[in-house]
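Here are some exercises to work through with the model open in your viewer. Try each task yourself before reading the solution beneath it.

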Amino acid sequence: MKLVFVHGWGSDISVWDSMIDAFQEHECHRINLGFIGDEDISVPEGKFIGIGHSLGGMWLLKRYPEQMIGFISIASFNCFYRYIPKSVLSMMQNNIVKDAAAQLQDFWRSAGLDQPKGFKNLKSVKLLEGLAHLAKWKVSIPLDTPIKVLASRDDKIVPEKMTQSIWAQYDIEWINDGGHMLPLTQPEWCIQHIKKFIHDTK
């Protein structure tokens, strides 16, 4: 089975480091959207299961709905601006221009994690591009694709009401504590549900 993992805004492929070894029997591809480090958005040919965290989920839904035989949303969405004031995104855009590293530190704290070592190889242009996507994109959710939703009730970036509104008709698995960065804070819980979804999708 081919698995495509896509991280969210302000992070990189390292968010999957605690999880990826659990899927060694599969063909795994980690997409880097270029916020930190070099962009690599090469998706394999053929069908795959998409696993998207935050903006990464919307990116998959927008670009590869027909290629996915299954989709797993981890703290993700199909539209951001309908639920979060655009003024928040405008403020983040201004802050990226002033001091990208400081803005990312603030974002990660809101997401539930500190980054005491800071960030290396930030790409401000890509960070601004990602915020523009959050401010403009509204994508369709495939009606005939199996979908699993993983979410935390204490997520401050994608609040519980937002998740319930977007994914009400789908199978939502909730955890009480994990914040927004579930691949880092609750990797075993994520692995458990992803493996079950893969088994049920075969």
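**Exercise 1.** Find which helix Ser-124 lies in, and decide from its relative accessible area whether Ser-124 is buried, exposed or partly exposed.

*Solution.* Keep in mind that this is a predicted model.
- Step 1: Ser-124 belongs to helix H3.
- Step 2: the relative accessible area of Ser-124 is 32%. Buried would need under 20% and exposed over 50%, so Ser-124 counts as partly exposed.
- Step 3: look for partners farther along the chain. Leaving out residues up to four places away in sequence, Ser-124 touches Ile-96 and Ala-100.
- Step 4: check a distance too. Ser-124 and Val-97 are 27 residues apart in sequence, while their C-alpha atoms are 7.3 Å apart in space.

**Exercise 2.** Describe how helices H2 and H3 pack: what are the angle and the distance between their axes, and which residues make the contact?

*Solution.* Two numbers come first.
- Step 1: two packed helices are described by the angle between their axes and the distance between the axes.
- Step 2: for H2 (residues 86-111) and H3 (residues 124-136), the angle is about 165° and the axes are 10 Å apart. An angle over 145 degrees counts as roughly antiparallel, so H2 is roughly antiparallel to H3.
- Step 3: H2 and H3 cross in a right-handed sense.
- Step 4: H2 brings Lys-86, Leu-89, Met-92, Gln-93, Ile-96, Val-97, Ala-100 and Leu-104 to the contact, and H3 brings Ser-124, Leu-127, Leu-128, Leu-131, Ala-132, Leu-134 and Ala-135.
- Step 5: sorted by class, the contact between H2 and H3 has 12 nonpolar, 2 polar and 1 charged residues.

**Exercise 3.** Test the length of H3 against the value expected at 1.5 Å a residue, then list the buried residues of H3 and say what covers them.

*Solution.* Start with the length.
- Step 1: the expected span is 1.5 Å times one less than the number of residues. With 13 residues, H3 should span 18 Å, and its end C-alpha atoms are 18 Å apart, so the two agree.
- Step 2: Leu-127, Gly-130, Leu-131, His-133, Leu-134 and Ala-135 are the buried residues of H3.
- Step 3: the elements covering these buried residues include helix H1 (55-63) and H2.

**Exercise 4.** Repeat the length test for helix H6 (residues 187-201) and find what its buried residues pack against.

*Solution.* The method carries over.
- Step 1: the 15 residues of H6 should span 21 Å at 1.5 Å a residue, and the distance between its end C-alpha atoms is 21 Å, in agreement.
- Step 2: the buried residues in H6 are Pro-187, Trp-189, Cys-190, Ile-191, His-193, Ile-194, Phe-197, Ile-198 and Thr-201.
- Step 3: their packing partners are the strands S1 (2-6), S3, S4, S5 (147-152) and S6 (171-175), together with helix H5 (182-185).

**Exercise 5.** Two residues that are not glycine have a positive phi: what are the phi values of Ser-54 and Ala-75, and where are these residues found?

*Solution.* Take them in turn.
- Step 1: Ser-54 has a phi of about 55°. Ser-54 sits in the loop between strand S3 (48-53) and H1, and is buried at a relative accessible area of 5%.
- Step 2: Ala-75 has a phi near 50°. The loop between strand S4 (68-74) and H2 holds Ala-75, which is buried at 3% relative accessible area.
- Step 3: Ser-76 is also in the loop between S4 and H2. Ser-76 is buried, with a relative accessible area of 2%, and its contacts include Ser-54 and Trp-167.

**Exercise 6.** Work out the surroundings of Trp-167 and Thr-163 in helix H4.

*Solution.* Begin with the tryptophan.
- Step 1: Trp-167 is in H4 and is buried, with a relative accessible area of 0%.
- Step 2: beyond its neighbours within four places in sequence, Trp-167 contacts Leu-61, Phe-71, Ser-73, Ser-76, Phe-77, Ile-141, Ile-147, Val-149 and Ile-172.
- Step 3: Thr-163 is in H4 (residues 160-167) and is buried at 4% relative accessible area.
- Step 4: with residues up to four places away left out, Thr-163 touches Val-149, Ala-151, Val-158, Ala-168, Ile-172 and Trp-174.

Key
Residues numbered from 1 in each chain as written. Predicted model: local features only at pLDDT ≥ 70, side-chain atom pairs only at ≥ 80, totals over all residues. Heavy atoms only, no water. Axes fitted to C-alpha atoms, helices over the stretch in contact; angles between N-to-C directions. Helix = DSSP H or I, 4+ residues; strand = E, 2+ residues; numbered from the N terminus. Parallel < 35°, antiparallel > 145°, perpendicular 65-115°, else oblique. Left-handed = near helix turned anticlockwise from the far one by under 90°. Contact = heavy atoms within 4.5 Å. Nonpolar A, V, L, I, M, F, W, Y, C, P; charged D, E, K, R; others polar. Buried < 20%, exposed > 50% of the residue type's maximum accessible area, 1.4 Å probe, protein only.
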